[in-house]
Amino acid sequence: EVLQGQVDFWKAHLSGAPALLELPSDRPRPAAQSYAGGSVGVALPPELTVGLRGLSQRYGVTLFMTVFAGWSALLCRLSGQSDLVIGTPVANRPRSELESLIGFFVNTLALRVRLEDDPSVAGLLAQIKASMLAAYAHQDIPFAQVVEALQPPRSLSYNPIFQVMLALDNAPGERALSLPGLQVREFEPPQSSAQFDLTLSLRDTGQSITGSLEYASDLFDRASIERMSAHLLS
């Protein structure tokens, strides 16, 4: 009964949502994805970071909800679509008993946002907050089962349900690895693949918010993504 209740929630949440977010691209969408990709760095200016934190506090929402609102507004403007579905990873450890367990619990949620009525900032944040809280309450069902239950149109050229993601990592920073007699530093391999059309990945360290905008190079040139990143930060 619990599982069926979660299935029913996602069916209602995504009923009538568009199958594809059609962003302006540099090339036509290929018949089959190659998953080739790249990424550009994203760093929020200090004044923007302070402003986002203040806005979140003012409206009683999380920083992720505020960033989600900004990302949604940009995607709406670029695509001309006012009904959007955006994916986001969730730790899927809602109970304290799960926090210390070793294992991969991460799930993906398909979050829908509606901008048909040109909502105010307050209205958009309220909508997103309510939608996200409801989604978090129904996060136990694996995303693959949501896709199976919805039976959306399937195509080799794009991912089902959503094609754009947003991830914000705000977990406490890990201590630097220290080994006797060795110097250790992080190595970031070059990005050469992309699972989705666009993935905005950010990390909140408490002092700054930085990350990357990953893109499918089948569709976009790097210069276009750099412009998109500039629009996001403007």
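**Talking through cavities, helices and loops**

Biologist: To start us off, how much space lies in the largest cavity?
Modeller: Keep in mind that this is a predicted model. Rolling a probe the size of a water molecule over the atoms shows where empty space is left. For the largest cavity, that space comes to about 80 Å³.

Biologist: Which classes of residue make up the lining of the largest cavity, and how many of each?
Modeller: Among the residues that line the largest cavity are Arg29, Pro30, Gln33 and Tyr35, and also Ser157, Phe196, Asp197 and Leu219. Sorted by class, the lining of the largest cavity comes to six nonpolar, three polar and three charged residues.

Biologist: Tyr35 is in that lining, so let me stay with Tyr35: buried, partly exposed or exposed?
Modeller: Tyr35 sits in the loop between α1 and β1. The cut-offs are under 20% for buried and over 50% for exposed. The relative accessible area of Tyr35 is 35%, so Tyr35 counts as partly exposed.

Biologist: And what is phi of Tyr35?
Modeller: Most residues other than glycine have a negative phi. Tyr35 is a residue other than glycine, but its value is positive, near 65°.

Biologist: There's another residue with a positive phi, Asp118. Is Asp118 buried or exposed?
Modeller: Asp118 isn't a glycine either, and its phi is about 50°. You'll find Asp118 in the loop between β3 (107-114) and α4. With a relative accessible area of 67%, over the 50% cut-off, Asp118 is exposed.

Biologist: Back to the empty spaces: what is the volume of the second largest cavity?
Modeller: There are three cavities of 30 Å³ or more. In the second largest one, the space is about 60 Å³.

Biologist: How many nonpolar residues are in the lining of that second largest cavity?
Modeller: Its lining includes Pro18, Ala19, Leu20 and Leu21, together with Gln81, Val85, Ile161 and Gln163. By class there are two polar residues and one charged residue, while the nonpolar ones number eight.

Biologist: Ala19 and Gln163 both line that cavity. How far apart in space are Ala19 and Gln163?
Modeller: Ala19 lies in the loop between α1 (2-14) and β1 (37-43), and 30% relative accessibility makes Ala19 partly exposed. Leaving aside neighbours within four places in sequence, Ala19 is in contact with Pro153, Tyr158, Ile161 and Gln163. Along the sequence, Ala19 and Gln163 are 144 residues apart, but from C-alpha to C-alpha they are separated by 9.1 Å.

Biologist: Let's turn to the pockets. Which element gives the largest share of the lining of the second largest pocket?
Modeller: The second largest pocket has a volume of about 570 Å³. Of its 25 lining residues, the closest to the centre are Thr66, Ala69, Gly70, Trp71 and Leu232. Two or more residues of the lining come from each of α2 (46-59), α3 (63-79), α4 (121-136), β5 (198-204) and α6 (222-233). The largest share, eight residues, is given by α3.

Biologist: How many charged residues are there in that pocket's lining?
Modeller: By class, the lining of the second largest pocket has 18 nonpolar residues and five polar ones. The charged residues number two.

Biologist: How does α2 lie relative to α3: roughly parallel, or roughly perpendicular?
Modeller: The axes of α2 and α3 are 9 Å apart, at an angle of about 110°. Angles of 65 to 115 degrees fall in one class, so α2 and α3 are roughly perpendicular.

Biologist: Which residues of α3 make the contact with α2?
Modeller: The residues of this contact divide into four nonpolar, two polar and one charged. From α2 come Leu52, Arg53, Leu55 and Ser56, and from α3 come Leu63, Thr66 and Val67.

Biologist: Which residue is 13 places from Glu226 along the chain, with its C-alpha 8.7 Å away?
Modeller: Glu226 is in helix α6, and a relative accessible area of 40% makes Glu226 partly exposed. The residue 13 places away, with 8.7 Å between the C-alpha atoms, is Leu213.

Biologist: Last one, stepping back: in what order do the elements of the chain run?
Modeller: The chain has 234 residues, of which 39% count as buried. Its elements are six helices and six strands. From the N terminus on, they run α-β-α-α-β-β-α-α-β-β-β-α.

How values were computed
Residues numbered from 1 in each chain as written. Predicted model: local features only at pLDDT ≥ 70, side-chain atom pairs only at ≥ 80, totals over all residues. Heavy atoms only, no water. 1 Å grid on protein atoms, 1.4 Å probe; cavity = no way out; pocket = protein on both sides within 12 Å on 5 of 7 lines; lining within 4 Å. Points joined across faces, edges and corners; volume = space filled by probe spheres on them. Helix = DSSP H or I, 4+ residues; strand = E, 2+ residues; numbered from the N terminus. Nonpolar A, V, L, I, M, F, W, Y, C, P; charged D, E, K, R; others polar. Axes fitted to C-alpha atoms, helices over the stretch in contact; angles between N-to-C directions. Parallel < 35°, antiparallel > 145°, perpendicular 65-115°, else oblique. Contact = heavy atoms within 4.5 Å. Buried < 20%, exposed > 50% of the residue type's maximum accessible area, 1.4 Å probe, protein only.
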